[in-house]
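Take a look at the protein below and its ligand. This report walks through the contacts, the charged pairs and a few unusual backbone spots.

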Amino acid sequence: MNPPSASNADAFALTPIGRIESDYPDKFGIPRQPGLAPAARARLVLLPPYDDPLSVRGLEAFSHLWLTFVFHHSPERWSPLVRPPRLGGNAKVGVFASRSTHRPNRLGLSLVELKGIDTDNGVALELSGHDLLDGTPILDIKPYLPWAEAQPDARAGFAPAAPPQCPVAFCAAAEETLSQREDAASLRALIGQVLAQDPRPAYRKGAESRIYGVRLRDVDVRFRALANAAGETRLEVVEIVAV
Ligand code: SAM
């Protein structure tokens, strides 16, 4: 008997229950998983008719949430094999053995921290430590249950631990720009945490003369990669420009 094949008749129509307003206006530089930049802030604004405060009664008692979302800035096309950046962008693994953004149905899943709930005007959830692009459509929210879902001894294939961190320094001009801002401390933390992931393409590791820019909140953060005598890479913020 021929194996059943997926057809449009089996397709489900899903409606976003909310949208993300995030510290990440661009995809470039967004950490590859939640929790890598705890200083990243977002606001999940629920859309009518889901913006009824009754729908979040009791949610304040949970510290972390699962968000199911759509990679709305990823193409619909997918392929069975993908190149995880963690493997240097060369080796290929199965799409279902990865957290790639290029996948069937374009569904993402992220565990984020709940910092607050605002029900003054509809419903908005204050979140942190996320990995979501500004404007990301959210399909569902579920409270995280550590007793059921935390598996610290689980095997995690080619991604057995968090990626290595890269040292980050700020030049005097960048520090000066930060010192003028009300959100200086949280923005400095966000920049440090995002750059510690070394967001440059996997094939561009080590020191180089090129200046990169990553958009965070309302600034463009210009940085470069330097190497110390031992050849270890560190990133230096050379300029922070309001956009
Ligand atoms: N934690 C989620 C998961 O495992 O399904 C996402 C993992 S994915 C590797 C994280 C990357 O998704 C980020 O680095 C960012 O570049 C990308 N991303 C985030 N929001 C997106 C969106 N709305 N559309 C397309 N790509 C997005």
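The text below starts at the ligand and then moves through the rest of the chain.

## Around the ligand

Keep in mind that this is a predicted model. The shell around the ligand holds 21 residues. Of these, Q33, H72, R99, D131 and T136 come nearest. By class, the shell has nine nonpolar, eight polar and four charged residues.

Which side chains place an N or O atom by a nitrogen atom of the ligand? Among them are H72, S110 and D131. The table gives the distances.

| Side chain | Ligand atom | Distance |
|---|---|---|
| H72, N or O atom | nitrogen | 2.8 Å |
| S110, N or O atom | nitrogen | 2.9 Å |
| D131, polar atom | nitrogen | 2.8 Å |

How much of the ligand does the protein cover? On its own, the ligand has 600 Å² of accessible area, and the protein covers 94% of that. Two elements give two or more residues to the shell: strand 3 and strand 6 (107-118). Strand 6 provides the largest share, with three residues.

## The loop after strand 3

Next comes a loop with two residues to look at. S74 sits between strand 3 (64-70) and strand 4 (81-82). H73 is also found in the loop between strand 3 and strand 4.

Is S74 buried or exposed? S74 has a relative accessible area of 6%, so it is buried. The cut-off for buried is under 20%. A polar atom of the S74 side chain lies 3.1 Å from the backbone oxygen of T101. Leaving out residues up to four places away in sequence, S74 touches K27, T101, H102 and R106.

H73 has its own partners. With residues up to four places away in sequence left out, H73 touches K27 and L133. K27 therefore appears in the contacts of S74 and of H73. H73 and D118 are 45 residues apart in sequence. In space, their C-alpha atoms are 27 Å apart.

## Salt bridges

How many salt bridges does a search of the whole structure find? The search finds 16. Here are some of them.

K142 and D140 meet through their side chains, with N to O at 2.9 Å. K142 counts as partly exposed at 44% relative accessibility. D140 is partly exposed too, with a relative accessible area of 29%.

R222 takes part in two of the pairs described here. In one pair, R222 meets D220, and the closest N and O atoms are 2.9 Å apart. In another, R222 meets E239, with the closest N and O atoms 3.4 Å apart. E239 lies in strand 12 (residues 233-242) and R222 lies in strand 11 (residues 219-227), so this pair ties together parts that are 17 residues apart in sequence.

The three residues have these accessibilities. D220 counts as buried at 14%. R222 counts as partly exposed at 28%. E239 counts as partly exposed at 38%.

Some charged residues are linked further. D23, R181, D183, R217 and D218 form a network of salt bridges.

## Backbone spots

Now turn to the backbone. P48 and P49 are joined by a cis peptide bond, with omega about 5 degrees. P49 has its place in the loop between strand 2 (41-46) and strand 3.

Which residues other than glycine have a positive phi? D198 is one of them, with phi near 45 degrees. D198 is placed in the loop between helix 3 (184-195) and strand 10 (208-216). At 10% relative accessibility, D198 counts as buried.

R217 is not a glycine, yet its phi is positive, about 45 degrees. R217 is found in the loop between strand 10 and strand 11. At 12% relative accessibility, R217 counts as buried. R217 also belongs to the network of salt bridges with D23, R181, D183 and D218.

## Looking back

To recap, the protein covers 94% of the accessible area that the ligand has on its own. S74 is buried in its setting, at 6% relative accessible area. R222 and E239 tie together strand 11 and strand 12. The cis peptide bond lies between P48 and P49.

Technical notes: Residues numbered from 1 in each chain as written. Predicted model: local features only at pLDDT ≥ 70, side-chain atom pairs only at ≥ 80, totals over all residues. Heavy atoms only, no water. Helix = DSSP H or I, 4+ residues; strand = E, 2+ residues; numbered from the N terminus. Buried < 20%, exposed > 50% of the residue type's maximum accessible area, 1.4 Å probe, protein only. Polar contact = N/O pair within 3.5 Å; in protein donor to acceptor, adjacent residues only side chain to side chain. Contact = heavy atoms within 4.5 Å. Near = heavy atom within 4 Å. Areas by Shrake-Rupley, 256 points an atom, 1.4 Å probe, with all protein chains shown as cover. Nonpolar A, V, L, I, M, F, W, Y, C, P; charged D, E, K, R; others polar. Salt bridge = Lys/Arg side-chain N within 4 Å of Asp/Glu carboxyl O.
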